[in-house]
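Subject: Structure handover

Hello,

Here is the structure I promised to pass on. Please open it first, then read my notes below.

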Amino acid sequence: MIVTVGDVAAGGHCVARVDGEVYFVRHALPGEQVRIEITDRKKRFAFADAVEVIEASPDRVAPPCPWAGPGKCGGCDFQHATPKAQRRLKAKVLFDQLTRIGGIDPALLDGVEVEALPWDEDALGWRTRMQYAVDEDGRPGLRKHKSHELVHIDYCRIATERIREADVLTANWDGMGAVGVVDADDDQLAVYTQLRRTARPHHKSGPKTVHQTVGDTAFEIGFDAFWQVHPAAAPTFLATAIEFLAPREGESAWDLYAGAGLFATGLADAVGDTGRVIAVENARASRTAANLAAYKNAGAIEGDVADVAPDLGSVDLVVLDPPRSGAGPEVVVALGEARPRAICYVACDAGALARDASDLAVEGYALTRIRAFDAFPMTQHFETVALFEPVD
C-alpha cells in the first residue's frame, strides 16, 4: 500500500497510520509518501519497508553504500538521510523517550541536539571494530535486518580505512561462525574468530592485547574487550563527564560498568591524591586494575554492579556506563542509598536512560544537564551523557 510517513520512532523506524493501523516503516523519512511492503505483522501493529519513494523528503539522499536498503544489509538505518537530518531524527527520539518514558519536563530538553563527533570522513569510515557472520561455505558477510540471512558485501563503508582494505572479507573462514577485526591504536589489525554456537572468541592474528590512548593515558585491553567504536567517542565522553561532575580535590568516586577504566582514570586525576576512586566491572576487572595501576588513589572490583554497589557505602560522585539494557532498579536504589552529590550517566540507549531516569526521580535525583553525540553515524544509535543531581 501507499502511505504518508509521520514522525520517527525508536529503532530506526518512522510511523505511518492507515485506517487505525500502525506501521513502523524502515528506509523512510518523516513527511514522505512511500509504497510499503509489510515484513512482520504483530497483533496491534506491523513492521514494513519503504520499497518505493513517491514523494521524497528534502533530507533524502542516495545511500553511499550499495548494500543499504530494503532487503539488504541491516547494519545501517539512515543512509538515505543527510548526516544533519540523521542527527535531528535521533534528537527527536531522545526527546520522546525522555519525556514519555522518563517523565522529564520537556522544557529541560529544549534545544538539546545530537552533536556530530569530530571526524575527517564525517559519517563514514569511523567504525574501528567489525564482526562479520560466516555462512556454511565459509564466506563472511553482514546480516539482513532481524534475520540470520547474510549479505556478502565488498566492504563496509562505515568501517575504518584499515579495516576496509583488509582481506578479511575475501578470505574463507570455513567452520567458523563469525570473524572479527579490531583497529586500535596499534600498527596492525587484531583478527579473531568465533566457532558456531559459542560466544567465546579465539585470537587469530595481530596483537592479543590492543592499545587505546586518550590524552596522555594509554589503555591496554584484550582484542575482544569493549571499547567505544568511534575514534572520537572516548575522549569526548570523558571530557563531558568530568565537566558535568566538576570533581573536587579529596572527593570519592565510583566508575560503574568500568570496562577498561576510562572514566576511573579521569576521576582519579581530578580528585587528586587525597581522593579515592573505585571501578566496578563484572568481567576482566584484572585488566581494569592494570590500567589503574599507576594511580595510588584508585582500584578495581570484579563483580556485578547490582551486587557490589550496595556494599560500597557512601560516595560523592558516580559515573555509570551500563550496557544497552540500562542500570536497572537495583542499581538505582543502591545509588539513592549512597547519596552522591552528582551522577553522570553515559547511555547508549535512550529508552534505558529514560527508564532509569524515572527510577532516579523516585530516589530524589533530577536531570540537570544533558548532551547527546552521534557516535554511530548512519545507524539509529547515539550516545547520551546526562547529569543527575539531588533535588534537595
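Start in β22, where Thr384 is the bridge partner of Ala372. Bear in mind that this is a predicted model. β21 and β22 pair over eight bridges, in the antiparallel sense. On β7, Val114 stands opposite Ala372 of β21. β7 and β21 run parallel and are joined by three bridges. Next comes β20. Five bridges join β20 to β22 (residues 383-390), and the two run antiparallel. One residue to look at there is Tyr345, which stands opposite Ala386 in β22.

These strands belong to one sheet. What is its strand order? Eight strands form an open sheet, in the order β7-β21-β22-β20-β19-β16-β17-β18, with mixed pairing. β7 (114-116) and β18 (298-302) are the edge strands, each pairing on one side only. On average, neighbouring strands of this sheet are turned by 20 degrees against each other, direction ignored. Helix α4 (residues 262-271) packs on the sheet. α4 touches β16, β17 (276-281), β18, β19 and β20, and its direction makes about 175 degrees with that of β17.

Now helix α7, residues 329-338. Which of its residues are buried? They are Val331, Val332, Ala334, Leu335, Gly336 and Ala338. Their cover includes strands β16 (252-256), β19 (317-320), β20 (342-347) and β21 (365-374). Helices α6 (305-308) and α8 (350-362) are also part of that cover. Arg339 follows α7 and has a positive phi, near 55 degrees.

Elsewhere, look at Ala48, which lies in strand β6 (residues 46-55). Is Ala48 buried or exposed? Its relative accessible area is 1%, so Ala48 is buried. Leaving aside neighbours within four places in sequence, Ala48 is in contact with Phe24, Val25, Arg26, Ile36, Glu37, Ile38 and Thr39. For a sense of distance, the C-alpha atoms of Ala48 and Asp316 are separated by 48 Å. Those two residues are 268 apart along the chain.

On to the cysteines. How many disulfides are there? The count comes to zero. Cys156 is in no disulfide, and the nearest cysteine sulfur, that of Cys76, is 6.0 Å away. Cys156 has a relative accessible area of 11%, so it counts as buried. Why is Cys344 not bonded to Cys348? The sulfur of Cys348 is the closest cysteine sulfur to that of Cys344, but at 14 Å it is too far for a bond. Cys344 is buried too, at 0% relative accessibility.

Last, the overall numbers. The protein has eight helices and 22 strands. Of its 392 residues, 54% are buried. The C-alpha trace spans about 65 × 50 × 40 Å along its principal axes. Does the radius of gyration agree or disagree with that of a compact globule? It agrees, because a compact globule with 392 residues would have a value near 21 Å, and the protein has 22 Å. Among contacts between residues at least 6 apart in sequence, 59% join residues at least 24 apart. The protein exposes about 17800 Å², and carbon and sulfur atoms supply 48% of that area.

Best wishes

Definitions and conventions
Residues are numbered from 1 along each chain as its sequence is written. This is a predicted model: local features need pLDDT of at least 70, side-chain atom pairs count only at pLDDT 80 or more; totals for chains, interfaces and linings use all residues. Side-chain values use heavy atoms; hydrogens and water are left out. Buried means under 20% relative accessible area, exposed over 50%, partly exposed in between (1.4 Å probe, protein chains only). Helices (H or I, at least four residues) and strands (E, at least two) are DSSP runs, numbered from the N terminus. Contact means heavy atoms within 4.5 Å. Two strands pair if DSSP finds at least two bridges between them. Axes are lines fitted to C-alpha atoms, for helices over the stretch in contact, and angles run from 0 to 180 degrees between N-to-C directions. A disulfide is a pair of cysteine sulfur atoms within 2.5 Å. The radius of gyration is taken over C-alpha atoms; the globule rule is 2.2 Å times the number of residues to the power 0.38. Accessible areas come from the Shrake-Rupley method with a 1.4 Å probe; for residues, only the protein chains shown count as cover.
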